[in-house]
Amino acid sequence: MSLDVLTRKSLSLFDAVGGWRTVAEGVASRVVFLLAYLLTGRVWTSALIAVGGVAVLAAARAWTDRRYWPAAIGLAIVGGSALLAGSTGQAINFYLPAVLIQAVQGAVFLLSMVVRWPMVGVAVGAVRRDRSWRHDPARRRRYQWCTAVFVVKCAIATAVQLPLYLAGQTTALGIAATLLGGAPAAGACIYLCWRILRERPAIDPTPRTCTDVSSGGSPGPG
């Protein structure tokens with residue numbers, strides 16, 4: 001497979017999960033909130049600063065890409081996190097939606113594998129307007145493996161973040177949510193999926209041709 005095709009596949013997969021702007025917004029909200037809280041010690045102030053930062057990024061996305069739903073969804077998630085933290089007065093609750101999202105995503109991705117409609121295949125197929133993968137066992141199998149990558153990532157993220165949340169470790173949870181739910185983990189998953197999606201055509205090591213038959217002697221009685 002050519003490098004051009006591989007690049008299109010990897011970009012389609014990255015675009016299917018929201019692109020770099022979605023990753024940037026998720027990382028920004030968690031980092032900005034944590035830094036603001038460590039500096040001010042005020043939950044509401046930190047929450048509003050985080051919402052303001054993401055609102056700027058969301059407005060830039062909507063203006064440049066004309067993609068309003070991803071921007072609105074990202075802003076809504078951060079707004080809900082801020083409202084939850086501010087209304088309870090507990091800074092750690094800002095990261096509760098991130099913990100729940102990882103757990104729910106892992107369950108959804110796992111279920112999609114069980115019913116043989118892997119989420120990565122569905123997402124990439126939607127972006128590329130291609131449903132032919134459903135009738136190609138080899139491609140469907142690769143999408144299953146790609147989806148399994150995200151299942152493992154979500155499982156690890158949940159296993160790390162949930163105990164930190166229950167223990168009330170705000171700083172540690174903020175760091176874990178940024179690393180496991182943000183750019184580093186997303187980048188690792190995208191890279192692994194890119195490797196999995198590399199297609200190599202199957203080649204018969206001993207092809208039979210008319211020339212082979214004629215040069216190799218006459219076939220036995222049949």
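Which residue caps the N-terminal end of H7? In this predicted model, the job falls to Asp136, with a side-chain oxygen sitting 3.1 Å from the backbone nitrogen of Ala138.

Helix H7 itself runs through residues 137-166, so there are 30 residues to work with. At 1.5 Å a residue, that stretch should span 44 Å, and the end C-alpha atoms turn out to be 43 Å apart, which agrees. Just after H7 comes Gly168, whose phi is positive, at about 75°.

Now for a residue inside that helix. Cys146 has its place in H7, and it counts as buried because its relative accessibility is 0%, where the cut-off for buried is under 20%. What is Cys146 in contact with, leaving aside its neighbours within four places in sequence? The list reads Val120, Cys193, Ile196 and Leu197. Take Leu197: it is 51 residues away from Cys146 along the chain, yet the C-alpha atoms of the two are separated by 8.0 Å.

Zooming out to the chain, the tally is 10 helices and zero strands, so reading along the sequence gives the pattern α-α-α-α-α-α-α-α-α-α. Contacts between residues far along the sequence show up here too: counting pairs at least 6 apart, 68% of the contacts join residues at least 24 apart. Of the 222 residues in the chain, 35% are buried. As for the outside, the chain exposes about 12700 Å², with carbon and sulfur atoms supplying 68% of that area.

Notes
Residues are numbered from 1 along each chain as its sequence is written. This is a predicted model: local features need pLDDT of at least 70, side-chain atom pairs count only at pLDDT 80 or more; totals for chains, interfaces and linings use all residues. Side-chain values use heavy atoms; hydrogens and water are left out. Helices (H or I, at least four residues) and strands (E, at least two) are DSSP runs, numbered from the N terminus. The expected span of a helix is 1.5 Å times one less than its number of residues. A polar contact is a pair of N or O atoms within 3.5 Å; within protein, one must be able to donate a hydrogen and the other to accept it, and residues adjacent in sequence count only if both atoms are side-chain atoms. Buried means under 20% relative accessible area, exposed over 50%, partly exposed in between (1.4 Å probe, protein chains only). Contact means heavy atoms within 4.5 Å. Accessible areas come from the Shrake-Rupley method with a 1.4 Å probe; for residues, only the protein chains shown count as cover.
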